[in-house]
Amino acid sequence: MGTTTPPRTLAEALRARGDESLAGLLRARPDLLNPVPNDITQLATRAGTRASVVRALEHLDRFALQTAEALAVAPDPAPYDTLLSLLTGDGLDDGEQRDDVGAAIAAALPGALATLREQALVWGEDDRLRLVRTARELLAPSPQHPSPTGLGPTVAEATAGMSPGRLQEILAATGLPATHDPVSAVAALSALFTDRTRMAELLDTAPVEALSVLDRLVWGPPYGEVTPNPTPPVKWLRDRGLLLPVSTRTVVLPREAALHLRAGRAHRVPEPVPPAVAAAAERDPQAVDRAAAGQAFTALSTIEELLKLWDGGGPTILRAGGLSVRELKRAATALDVSEPIAAFWIELAYGAGLLASDGETDERYAPTPASDEWLDLPAEDRWTHLAAAWLAATRTPGLVGGQDAKGRALSALGPELDRSAAPDVRRRVLTLFAGLPPGTAPEAETLLRRLRWERPSRGSAPTAEGSDLRSRLALWTLNEAELLGITGRGALSAQARALLDEGEETAAALLSPLLPDPLDHVLLQADLTAVAPGPLERPLADMLSVLADVESKGGATVYRFTPGSVRRALDAGQAASDLHAFLAAHSRTPVPQPLSYLIDDVARRHGHLRIGAASAYVRCDDEAVLNEILADRRSTGLRLRRLAPTVLAAQADPGSLLEALRDMGYAPAAESAEGDVLITRAGARRTPPRTPPVPVPEGPPVPDDTLLGAAVRAIRAGDTAATVARKEPTEGATGSTPSGALPRTTPAETLATVQAAAMTGSTVWIGYVNADGAASQRVIAPVRVEGGFVTAYDHTADEVRTYPLHRITGVAELAEEGEG
């Protein structure tokens with residue numbers, strides 16, 4: 001550790017570290033930096049708080065955690081050899097240990113201890129290893145919180161309330177001589193249980209049924225219930241202290257006896273080596289890249305279709321936030337996917353900043369202005385934008401449909417979907433993919449096993465399959481990566497590897513040649529359909545989506561022309577001649593005659609009826625048409641009445657009247673107060689400029705090197721000020737300074753002391769209160785004292801500073817070398 005005297009406290013151990021080691025601690029546990037500790041003692045205190053220790057334990061891998069758990073059941077302090085023995089066993093066969101594990105543990109233990117030391121969870125030399133007190137309290141066995149090792153309390157802990165007479169009875173039953181006091185009786189019983197030879201002799205006399213009872217308790221939980229009249233095997237064990245009472249109906253197997261039965265091992269299955277990720281299949285890397293590119297193109301098409309679906313104003317927002325179940329089903333039907341997958345696409349668009357709330361009184365979701373910019377990008381850049389947003393997002397679509405802690409349903413786009421661990425799990429899963437040869441698809445179960453080894457859930461069984469959040473996040477990552485085109489046929493694509501390692505530009509360059517080029521034509525057919533044999537250029541696709549309805553998707557998209565779709569194009573301001581010209585320009589086949597007739601027929605009837613605001617009115621030059629509407633029973637709900645031969649008034653708003661007449665088979669057109677036809681243009685509704693949702697970080701961010709360097713210097717400086725040796729106050733001084741308190745002197749004494757230090761070039765210790773009222777201790781070498789200010793070299797800040805004398809609480813001289 002770099003000192004001749006072993007450290008007596010964690011603070012002393014930290015003080016003996018180098019700057020790089022302290023920076024490593026702050027990097028591994030960034031919560032210790034908020035705010036920057038004043039000195040090493042405060043850093044050690046903060047490192048031992050429960051919240052910080054729990055966070056540190058949660059970030060350990062399984063073997064480092066097993067090492068900490070073994071130290072928690074070892075004597076305090078524990079030599080390195082004792083710790084190694086708890087992990088490997090004492091060399092005797094218990095029927096559980098594998099021959100190859102001992103060497104692996106011996107090789108991995110120094111690294112695990114180094115990790116625990118770096119994170120200030122363990123301190124001390126190898127002959128006196130100490131687990132910080134809070135970690136020991138968290139990991140040591142107790143009836144309320146069983147140890148992950150499955151061990152129970154020691155003999156001393158279990159017999160703490162036992163009568164001296166009962167202790168002597170146990171000694172007599174085990175063949176031990178009587179003692180004069182309970183302490184020596186407990187020591188004798190503990191010595192028996194830790195002696196392999198004598199313990200084996202004692203168990204050789206045990207009934208077979210008693211050994212069966214021990215077998216059920218040895219690997220935990222060590223507690224068992226007994227009746228007031230226990231069976232003979234249990235009575236035999238209880239009489240000899242192999243089962244000690246916890247309450248009137250509960251007994252426990254003491255730790256020393258359990259360790260003998262386990263051949264000295266704290267864990268049943270030590271895991272010093274991370275599990276390997278097995279390959280499920282090996283595929284052609286080029287086939288993987290092509291499959292991933294095809295799925296990436298599908299992802300882009302789906303997001304574009306979602307934006308078009310909500311282009312004129314999407315669904316309303318629930319009062320509690322999010323999307324209703326009905327609206328999610330409607331979106332799933334429109335996208336032709338299941339509801340969980342629809343939730344993924346919606347959340348992806350939201351996370352990428354393409355969808356947001358419009359902020360109106362009747363709040364709805366709608367595309368953002370950024371979505372128009374995104375649509376103008378090349379396809380490969382659009383994909384990298386989505387993939388990068390997915391990697392960084394903390395929102396978790398897999399939770400949609402589940403329940404929160406209060407039993408309330410979790411909705412898509414709702415406020416409760418953020419999970420801070422999601423980005424870390426996604427990137428770690430893809431990193432494990434990248435560790436395999438190109439084209440290799442990993443086996444999902446071995447992938448999960450590796451993730452659980454790297455970040456085990458403290459207190460959960462190692463064999464729990466998918467029960468913890470990180471395992472569920474990993475499974476969702478596998479599915480979402482395939483949907484998004486990160487993976488193809490279960491293996492990581494080359495463009496995704498580039499996205500992880502080299503950035504978005506390289507990934508886009510690799511993806512670009514794999515995506516199909518957009519087409520500028522369709523194939524019109526006589527059955528009123530158009531076939532797009534591939535992706536269409538955006539202006540063509542936008543116009544065709546207004547003029548026709550999508551009938552089927554796949555390698556080719558089939559559009560169907562209907563009276564309603566043609567009327568939609570006319571409502572958007574197109575004339576029949578415009579539609580004829582558009583189809584003739586973009587069709588590789590002649591325009592079929594039925595389609596020309598359909599356009600002309602709808603255009604002839606379009607706008608024959610005009611609807612405006614009265615509440616609403618209908619006007620038409622043909623009185624017969626109005627008579628027909630009045631006679632139709634379906635118009636009863638509109639409560640129409642004739643105002644003039646060519647005008648009807650309605651008790652409904654213009655929008656409802658327009659839809660109702662269209663449902664009755666008419667082709668009305670809305671008009672303004674001036675009598676002009678109102679044109680409905682697509683894409684008219686956009687939200688105000690919105691920023692994408694900010695990911696919710698998992699704890700404090702990891703500090704950069706600049707901040708770490710400054711923090712270490714500040715801690716060192718504060719520690720220098722806090723630990724520097726000071727002279728005792730001279731006779732007649734105004735007061736003494738308690739340890740850890742700011743020095744207190746009168747203004748006259750302060751002025752005299754700093755003037756003397758400036759003349760002699762000596763260093764003094766001051767207490768200082770800044771303009772914000774924050775107090776600190778500083779070690780300064782005064783250079784000049786004038787005008788109520790002292791200019792000095794501040795050893796704690798490593799720079800020259802000027803301090804107002806009235807803000808100095810007091811001053812003390814430092815002890816000479818060898819004093820104090």
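Select residues 250-252, which make up strand E5, together with strand E4 (244-245) beside it in this predicted model; the two strands pair in the antiparallel sense over two bridges. Within this pair, Leu244 stands opposite Val252 of E5. Now add strand E3 (223-225) to the selection, and an open sheet of three strands appears in the order E3-E5-E4, with antiparallel pairing. E3 and E4 stand at the edges of this sheet and each has a single partner strand, so one side of each is left without a neighbour in the sheet.

Before going on to the next sheet, zoom out to the whole chain, where there are 33 helices and 25 strands. The C-alpha atoms fill a box of roughly 120 × 90 × 55 Å along the principal axes. The radius of gyration of the protein is 39 Å, whereas a compact globule of 820 residues would have one near 28 Å.

Next, select residues 523-525 for strand E12 and residues 529-532 for strand E13. Three bridges join E12 to E13, and the two strands run antiparallel; Leu523 stands opposite Val531 of E13. Extend the selection to strand E14 (residues 549-552) and strand E15 (residues 557-560), which also run antiparallel and are joined by three bridges. Asp549 has Arg560 in E15 as its bridge partner. Between E14 and E15, which form a hairpin, lie four residues, and in this turn Gly554 has a positive phi of about 150°.

With these strands selected together, an open sheet of four strands can be followed in the order E12-E13-E15-E14, with antiparallel pairing. E12 and E14 stand at its edges, each with a single partner strand, so one side of each is left without a neighbour in the sheet. On average, neighbouring strands of this sheet are turned by 30° against each other, direction ignored.

Further along the chain, select strand E17 (residues 616-619) and strand E19 (residues 647-650), which pair in the antiparallel sense over four bridges; here Ala616 stands opposite Ala650 of E19. Adding strand E18 (residues 641-644) shows another antiparallel pairing with E19, over three bridges. Arg642 has Leu648 in E19 as its bridge partner, and E18 and E19 form a hairpin with two residues between them.

Turn now to the helices, and select helix H22 (residues 444-454) and helix H23 (residues 469-484), which pack at an angle of about 140° with their axes 10 Å apart. The two helices are therefore oblique to each other, and H22 passes H23 in a right-handed crossing. To see the contact, show the side chains of Ala444, Leu447, Leu448, Leu451 and Arg452 of H22 and those of Ser471, Ala474, Leu475 and Leu478 of H23. The residues of this contact divide into seven nonpolar, one polar and one charged.

Keep H23 selected and add helix H18 (residues 339-351), whose axis comes within 12 Å of that of H23 and crosses it at roughly 70°. H18 and H23 are therefore roughly perpendicular to each other. On the H18 side the contact is made by Ile341, Phe344, Trp345 and Leu348, and on the H23 side by Glu480, Leu483 and Leu484. By class, this contact has six nonpolar, no polar and one charged residues.

The last stops are backbone details. Select Asn34 and Pro35, where the peptide bond from Asn34 to Pro35 is cis, with omega near -5°; Pro35 is found in the loop between helix H2 (19-28) and helix H3 (40-47). Another cis peptide bond runs from Asp76 to Pro77, with omega near 0°, and Pro77 has its place in the loop between helix H5 (62-72) and helix H6 (80-88). Finish at Ala120, in the loop between helix H7 (101-118) and strand E1 (122-123), where phi is near 60°, a positive value in a residue other than glycine.

Note on methods
Residues numbered from 1 in each chain as written. Predicted model: local features only at pLDDT ≥ 70, side-chain atom pairs only at ≥ 80, totals over all residues. Heavy atoms only, no water. Pairing = 2+ DSSP bridges. Axes fitted to C-alpha atoms, helices over the stretch in contact; angles between N-to-C directions. Parallel < 35°, antiparallel > 145°, perpendicular 65-115°, else oblique. Left-handed = near helix turned anticlockwise from the far one by under 90°. Contact = heavy atoms within 4.5 Å. Nonpolar A, V, L, I, M, F, W, Y, C, P; charged D, E, K, R; others polar. Rg over C-alpha atoms; globule rule 2.2 N^0.38 Å.
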